[in-house]
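Me: I am new to this structure and would like a close look at a single part of it. Could you pick one helix and walk me through its surroundings?

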Amino acid sequence: MPDAVMLFAAGFGTRMGTLTEDKPKPLIRVAGKPLIDHAMDFVKAISPACVVANAHYKADQIVDHFAGTDVRVSVESPEILDTGGGLKAALPLLKADVVFTMNTDAVWDGPNPLEVLKAAWRGDMDALLLCVPMSQTVGRSGKGDFDITSDGLAHWGRYTVYSGVQIIRAGQVSKSPENVFSLRTIWEELEAKDRLHAVTYPGLWCDVGHPDGITLAEDMLRSADV
């Protein structure tokens with residue numbers, strides 16, 4: 001059972017335009033608090049043994065944000081390592097065989113996404129993705145990323161969107177000979193072997209990777225409170 005969480009907070013946030021000129025995207029405020037703190041609310045609710053956030057762009061601000069907390073920061077320097085490389089570099093801090101990973105540019109209206117994944121995880125899995133049906137996404141255009149079979153296998157498709165949250169075995173990451181790589185390369189290997197699993201999220205999910213997403217997310221959260 002996973003007992004460590006990796007928060008991805010190293011990206012440049014280029015889709016945010018001028019909003020990320022003076023701060024990293026995870027520190028942009030939505031509904032009164034930084035995006036990364038929306039993610040931390042879910043993390044704190046499951047009380048993991050270890051939480052690590054990575055940082056690269058304006059890394060000092062991420063470090064300062066978590067100063068005095070139990071969250072450890074894996075600073076990527078001089079180059080950014082992408083999702084797979086970032087997780088691989090953080091594994092010595094995470095000290096876990098199975099970990100959650102979570103993007104920090106989404107807002108949710110529904111149950112704790114980490115709890116949804118935890119309930120669906122089985123010991124024979126290598127990776128379990130949390131996906132959102134296109135009809136339950138906010139701020140997402142175009143087609144989705146995956147289709148999910150009746151027995152819970154994920155294949156590249158169009159009907160569900162990868163939410164940015166997963167459970168993955170550390171061994172799948174540490175065995176990569178590369179230091180800079182995307183987690184997609186691991187998913188591609190698993191998908192080809194019918195070893196990539198997924199579960200759908202029952203609530204709403206808003207992409208806040210672009211400026212319009214801020215207003216959309218705040219509107220979604222207000223509607224949830226009504």
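Reply: Happy to! One term comes up straight away: buried means under 20% relative accessible area, exposed means over 50%, and partly exposed lies in between, using a 1.4 Å probe and protein chains only. Please keep in mind that this is a predicted model, where local features need pLDDT of at least 70, side-chain atom pairs count only at pLDDT 80 or more, and totals for chains, interfaces and linings use all residues. Residues are numbered from 1 along each chain as its sequence is written, and side-chain values use heavy atoms, with hydrogens and water left out.

Let's look at helix α7, residues 212-225. Helices (H or I, at least four residues) and strands (E, at least two) are DSSP runs, numbered from the N terminus. The expected span of a helix is 1.5 Å times one less than its number of residues. With 14 residues, α7 should therefore span 20 Å, and its end C-alpha atoms are 21 Å apart, which agrees.

Which residues of α7 are buried? They are Gly 213, Ile 214, Ala 217, Met 220 and Leu 221. Down the axis of α7, these buried residues fall within an arc of 130°, so they line one face of the helix; the arc is that of the directions from the helix axis to the C-beta atoms. The general background is that an α-helix has 3.6 residues a turn, so residues three or four places apart point the same way. On the other side of α7, Asp 212 and Ser 223 are exposed.

What covers that buried face? Among the elements in contact with the buried residues of α7 are β2 (29-30), α1 (35-46), β7, β9 and β14, where contact means heavy atoms within 4.5 Å.

Three of those strands belong together: β7, β14 and β9 form an open sheet in the order β7-β14-β9, with mixed pairing. Here β7 (106-109) and β9 (137-138) stand at the edges, each with a single partner strand, so one side of each is left without a neighbour in the sheet. Two strands pair if DSSP finds at least two bridges between them. Two bridges join β9 to β14 (residues 204-207), and these strands run parallel. Within β14, Cys 206 is the bridge partner of Val 138.

One last stop is Gly 17, in the loop between β1 (4-8) and β2. Gly 17 is partly exposed, with a relative accessible area of 40%. The C-alpha atoms of Gly 17 and His 210 are separated by 8.1 Å, although these residues are 193 residues apart along the chain.
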